[in-house]
Amino acid sequence: MAIDLNALRAAVDAAYAEHHAAVGGANADYIPYLAKVPSELSGIAVVTVDGDIFAAGDKDYPFAIESISKVCTLALALEDVGPQAVQEKIGADPTGLPFNSVIALELHGDKPLSPLVNAGAMATTSVIKASSVEERWTRILDMQSRLAGAKLEMSHDVNQSEQSTNFHNRAIAWLLFSADAMYCDPMEACDVYTRQCSTLVSTVQLATMGATFAGRGVNPVTKESVLTASNTPFLLAEMTMEGMYGSSGDWAYTVGLPAKSGVGGGILAIVPGKMGIAAFSPPLDPVGNSVRGQLMVAAVAKAMGYNLYAA
């Protein structure tokens, strides 16, 4: 069924009007850069698989992609080693614990369960085919840019802020290495993972990434075939299981779309075959998901009748 573009435009505008100033939550403060981002910022964007763009609010403000980068690196890993190797080496199950949990590793022999928590994300970074740290980083940044349909750049301020505070992730990387679940030098993986989280992206660019996933790997803006079509279902499945951290199950129950959040304030949801829906606002709930972002994305999905489990 064709998308009603007038209804979609109205849904985006209504979601922004109702929720862009919702109260609650607080900026992530364990990364100094994120604590200083103006908390009143708020934006939403939708990009369809045909390249239609509807947006409202601070849609062009560049914010740190943070954990949404995990989806981009997962996409590259699926291209490099295939879905079977990704499942065997990294996993496809929720941890049931916080995204940076060491206990989750301890309970499973220091093996990662999901590419969308920190441990699994660093393991995913380590499986990317590369002969040097710079090649590994360049290939990941290139994938982010091709998905977004724009040349993205790393913020040196964000990266410095994160590299100087990522001791917990360094410890996780060594635990993975001790269990033969790290596939390059552990500190190289941690370094590159930290860089990939430090890329700046706008809400429109994030929605374009989502539309590329929704369109089975074809970027609707550049028309480039970025991903192998048969790999996209695996990526969406991983997003469903762990994309919204500890509230992934609640999100699937109430919204019914694959999604991924980042502590920079971004939220990305996918309507397969139709569109990517993205939102941004820095204040986070206790789990680490944007308070306003969740409300805006959910409002658009509900208004348009998009729920994978309601078909």
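**A walk through one sheet**

Hi everyone. Let's begin with one pair of residues: Ala-45 stands opposite Ala-278, which sits in strand 8. Please keep in mind that this is a predicted model.

So where does that pair belong? Strand 1 and strand 8, the latter covering residues 275-280, pair in the antiparallel sense, and six bridges connect them. If pairing is new to you, here is the background: strands of a sheet pair through backbone hydrogen bonds, and they can do this either parallel or antiparallel.

Now look at the other neighbour of strand 1. Strand 2, residues 53-57, runs antiparallel to strand 1, and five bridges join the two. One of the residues to find here is Val-46, whose bridge partner in strand 2 is Phe-54. Strands 1 and 2 make a hairpin with four residues between the strands. In that hairpin, Gly-51 takes a positive phi near 95°.

Let me stay with strand 1 a little longer. How many of its six residues are buried? The answer is six of the six, across residues 43-48, so strand 1 is largely enclosed by the rest of the structure. You can check this face by face. On one side you have Gly-43, Ala-45 and Val-47, and on the other Ile-44, Val-46 and Thr-48; all of these are buried, which leaves both faces covered.

Let's step back to the whole sheet. Five strands form an open sheet in the order 2-1-8-7-6, with antiparallel pairing. Which strands stand at the edges? They are strand 2 and strand 6, residues 259-261; each has a single partner strand, so one side of each is left without a neighbour in the sheet. On average, neighbouring strands of this sheet are turned by 10° against each other, ignoring direction.

At the strand 6 end, three bridges join strand 6 to strand 7, residues 266-271, and the two run antiparallel. There you can spot Ser-261 opposite Ile-267 of strand 7.

Ile-267 also brings us to my last stop, as it is among the residues that Ser-290 touches. Ser-290 lies in the loop between strand 8 and helix 14, which spans 291-304. Is Ser-290 buried or exposed? It is buried, with a relative accessible area of 0%. Leaving out residues up to four places away in sequence, Ser-290 touches Gly-265, Ile-267, Ser-281, Pro-283 and Leu-284. A polar atom of the Ser-290 side chain also lies 2.9 Å from the backbone nitrogen of Gly-293.

That's my tour. Thanks for listening!

Conventions
Residues are numbered from 1 along each chain as its sequence is written. This is a predicted model: local features need pLDDT of at least 70, side-chain atom pairs count only at pLDDT 80 or more; totals for chains, interfaces and linings use all residues. Side-chain values use heavy atoms; hydrogens and water are left out. Buried means under 20% relative accessible area, exposed over 50%, partly exposed in between (1.4 Å probe, protein chains only). Two strands pair if DSSP finds at least two bridges between them. A polar contact is a pair of N or O atoms within 3.5 Å; within protein, one must be able to donate a hydrogen and the other to accept it, and residues adjacent in sequence count only if both atoms are side-chain atoms. Contact means heavy atoms within 4.5 Å. Axes are lines fitted to C-alpha atoms, for helices over the stretch in contact, and angles run from 0 to 180 degrees between N-to-C directions.
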